[in-house]
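Take a walk through this model, going from the contact between chains to a contact inside one chain. Keep the structure open as you read.

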Amino acid sequence: MDLTYSDTHRALQAEIREFARTYGHLSPRSGGGRKRPDQKTLDWQRRLLERGYAARTIPREYGGYGGASDVLEAAIIADEFSRAGLSPGIMNQGISMLVPTLLEVGTEEQRRRWIAPTIRGEVIWCQGYSEPGAGSDLASAQTRAVVDDGHFVINGQKIWTSSAHYADMMFLLCRTDPDRPKHAGLSYLLVPMTTPGIDVRPLTTMTGRAEFNEVFFTDVRVPVDQIVMGRGDGWHVANITLKHERSMLGDPNRLMQRVHRIRDLMTRTRIDGVRVADMPELRDRLLRLQGEVMASRCHYLRLLTERARGEDPGVKQLIVKYFGTTLGHRLSALAVDVLGAAGLVYEPRGEAAEDDEATTWHIDYMYDIGLMIGGGTSQIQKNIIAERGLGLPREPKASARG
Amino acid sequence: MEFGPNDAQRLFERLVRKLLADHLPMDALHRLANAGSGFDDRFWSALTELGVAGVLVPERFGGAGLGVFEAALAAEALGYHAAPTPFAAAAVMAPLAILGAGSEAARAAWLPRVATGTARLGVAFETLAGSTANSAVERRGDRLSGCLESVVDLAGATHVLVVLDDGTLAVLPVDGPGVRAACRPSLDRTRPPGQVHLADAPAEILEPGSDPQRLACSVVDAGRTMLAADTLGAAQSMLDRAVAHAGQREQFGRLIGSFQAVKHMCADMVAMLEPCRSLVWYAAHAQDAIPEEARVAACHAKAHLAEVGREVSRMATEVHGGMGFTDELGLHYWFKRIGANRQLLGGPERCRQEAAAAQGWSTA
C-alpha cells in the first residue's frame, strides 16, 4: 500500500487549486440529468482539455492531453474538483462509452474522425440499443440492416434513446444477419442523426423532460464502412461499450461530490430554525452515505491499481454499476429530504438554461432510478454478478434463440 | 502509487492464512469454542512464531516491525477463520499505546515480551471507546479502584492496560493484589468479554507522552480498524460458504443458486462486501501514514463494516436454510463474531458521530 504523493503529484494538486481559484467561478453546475452542453459548459470543457483535467489519458493525435495513465493523478484531479465543487467536465455517452470503445476496437480513421469533437462536447452521441421488444434481453434486437449498393439500409425502431433529440450521431446495434444465431447476427454502426428516414419522437419521462426518445428508421442509408469491427461483431462491440457505461455509472468521484454538496445544503437549510446539519438523524444519514462513498472510492482506486497490473478485475468490476447507482439514488433521496417541503417548487427550465438547486436535486432523484434501470437493470446486474462473478448456475433458458 | 497490499504484505497474509487453515478446521473450532476460553496456548505459540503477536513491535524490540496495515491483513484472516485468540488489544492496541506513551525504559520492558507472546495485555477503556458498560475507575496515585467491563482480549491475558478518560495509561497484572479479572460467558464463543474489578490495586502508570488524549484516540482508532477487518474476514467467510452451498444444494429439482431469489442475495452480499475490503485497507493505511485522515477513516470503516456485517451475516445464514440455524454447521460462530465486533469499541452510530465531530461537522 503506497499512497504517497510525489513532487509531480503535489505540483498537480497545487496547479489545480490555483486553477480553481482563478477560474472556479466559470464552472457550470453539476447534476440535473442530461442536456446538450451550453456555451458555458463547452468553454469550461475547453479549459479542462487544455490542462488535461479531462480526457487526460486520451492520445494527443485524437485531441486528448496524452498523459500517461496514472491512478493517483486521476484521483487527485477528481478530488480537487470535488472539494472545490467544480464541474469535472462533460460526461455523456459519447465520451464515456463510444470513445473508449473506439480506442479499444475502432479503426485509425474512426478514431481520428470522432474522438476529438466528441471529447470537446461538440459531437453528441446517442446509443441505439434498446427496442420495444429488446430491453434487458438486448441481444434479441430486431432492427434490420441489409446491404444495398455500398450502404446499409436500416429499418426498425429503437426506444429509450437518451439524448437522441439533440444528438448528432448514434452508435446503433442492429441485425445484419438474421439467419445466424441471435448473438452472432448483430452489427454496430455509426449513424448520423441527420440521415433521411430517421424520425425522432421525444418521450417525456417522469422528470417532465424529454430525456429519452423513440427513434424510427425507414430505409436509412449509411455507407458500409460506418461499422465498428466487422459484420456479426456487434454483440462483442456492444458489450465493450456497456462495460464502459457500467463503470461510468458507478463513478465514485461524482458520488463524493454529492456528499459535499449535501453537506453544504445541510448547513444552509433550517427546519423551524434548527440547522439541519445539527439534526442527528439527518446527519447520521449523511455520515452513513459518506462512509459508503468512501468505500466506493477506495474500491475504485483498487480497481485502477489492479488494472494497471494487468489483473482481471472479475466480480470487483461487475458490482460497480449496481452498487454505484443504488448509492447515487440514496444520496439524492437525502438531498430531497433536506430540501423538504420548501424544495417542492419544481421548475425545470429545459435544455437551454441552468435549473435551480431544488429542481436539480429532484431531477437527479428521479433520473437516478432511470440510471438503475438503464444500461442493464439492477436485476440484470445481479444476475451478472452472481453468474459471471460468483459462478452460480444460470437461470434455465426459456429458449436458445430469440 | 499502489492501492492494496504489495508483494511482501501479500506474502505475510498468505502465511497467516495458511497457519489458520491448518490449525482451525471445523472440529478444532468447535472444540475451542465449546471450551469458550478464547485462548489456546498451542495456537497462540504458533501465531507468535509467525510474528502475529509482535506484528507492530519494532524490530529493535524483537518484533516484526510492521504496520497497522499488515495487522489489518492478519485481523481479516483471523476473522475469516473465527480464530479464538486475542489480537486487537494484545497485538495492536496495547503495543501502540506503549510505543506512543511510555518512556524508553517502559518500551524496553514491555515490547519484547509482547513480541514473544509472553506478555498479553487486554485493553480496557473507561469511557473513551463508546462502550455501554458501566466502567468507572478512580485513581489515587498509582492505585486504581473501580470496575471495567467490555475489556478486549482479557482471554489469556497476563495484564490489563487501562485507558483512563484523561488518556492516562495504567498496566496491572491480572493476578495482582486488588485485581479480580474474569471472562464472562459470551455470545461470541471465540472471544469472551472481560470484566475487571480493582480494589486499591497498585498499577504501573506509564509516563504520559506529549498528547495523552490524542494517543488514546489513536489507540481506539487502531482497535476499531482491527474489528472492522475482523468483520470483513468473517463476512467473507460466510459469503463464501453461502455461495458454495447455493451451488450444491438442490430443491425443486434445481440447484438453489439458479433461483434468482437466492442468487440475488449472493450478489447483494458481494456488492456490499467487496468495497469494504478497500475501505479497511485505506483505514489501516491511514493509521500508518495519513494522520489527518486516520480518525475519520477508522470510524467509517468500523461503522460501515458493522452495517454490512449485519446484513451479510443474516443473508448468508438465510441462504443456508434450516442448516444455517443449527449448532452443528458452525456458521453461527461467524454470525456471533460479527455481532460482537459491531458492539465493541462503539457501535456504528457512535462511530459516525465521532466521524462527524472529527470533520467539524457537528457541534456535539
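What follows covers the interface of the two chains, then two domains of chain A.

The model is predicted. Start where the chains meet. On one side, 49 residues of chain B take part, and they are in contact with 43 residues of chain A. Together the two chains bury about 4,200 Å². Carbon and sulfur atoms account for 64% of that area. Look next for Met1(B), Phe3(B) and Trp361(B). Within chain B, these residues lose the most area to chain A. Together they make up 20% of what the chain B side buries.

Now turn to charge and polarity. Nine salt bridges are counted between chain B and chain A. One to find joins Lys263(B) and Glu395(A). Their closest N and O atoms are 3.9 Å apart, and the cut-off for a salt bridge is 4 Å. Polar contacts add to the picture: 18 residue pairs across this interface qualify, with both residues at pLDDT 80 or more.

Which elements build the chain B side? Those giving two or more residues are α1 (7-23), α7 (212-246), β10 (254-255), α8 (260-289), α9 (291-319) and α11 (348-358) of chain B. The largest share comes from α8(B), with 16 residues. By class, the chain B side that touches chain A has 22 nonpolar, 17 polar and 10 charged residues.

Next, step inside chain A. This chain is divided into domain 1 (7-91), domain 2 (125-234) and domain 3 (250-389). Follow domain 1 and domain 3 of chain A. Their C-alpha centres lie 20 Å apart. Here 21 residues of domain 1 are in contact with 23 residues of domain 3. The area buried between these two domains of chain A is about 1,800 Å². Carbon and sulfur atoms give 47% of it. On the domain 1 side, Arg29(A), Lys35(A) and Val71(A) supply 32% of the area buried against domain 3, more than any other three residues.

How many salt bridges link domain 1 and domain 3 of chain A? The count is one. Asp79(A) and Arg297(A) form a salt bridge, with their closest N and O atoms 3.0 Å apart. Three residue pairs are in polar contact between the two domains, both residues at pLDDT 80 or more. Helix α3 (residues 71-84) of chain A gives six residues, the largest share of the domain 1 side that touches domain 3. That side divides into eight nonpolar, seven polar and six charged residues.

Technical notes:
Residues numbered from 1 in each chain as written. Chains lettered and ligands numbered in written order. Predicted model: local features only at pLDDT ≥ 70, side-chain atom pairs only at ≥ 80, totals over all residues. Heavy atoms only, no water. Contact = heavy atoms within 4.5 Å. Buried area = accessible area lost by both parts, 1.4 Å probe. Salt bridge = Lys/Arg side-chain N within 4 Å of Asp/Glu carboxyl O. Polar contact = N/O pair within 3.5 Å; in protein donor to acceptor, adjacent residues only side chain to side chain. Helix = DSSP H or I, 4+ residues; strand = E, 2+ residues; numbered from the N terminus. Nonpolar A, V, L, I, M, F, W, Y, C, P; charged D, E, K, R; others polar. Domains from an automatic or database assignment.
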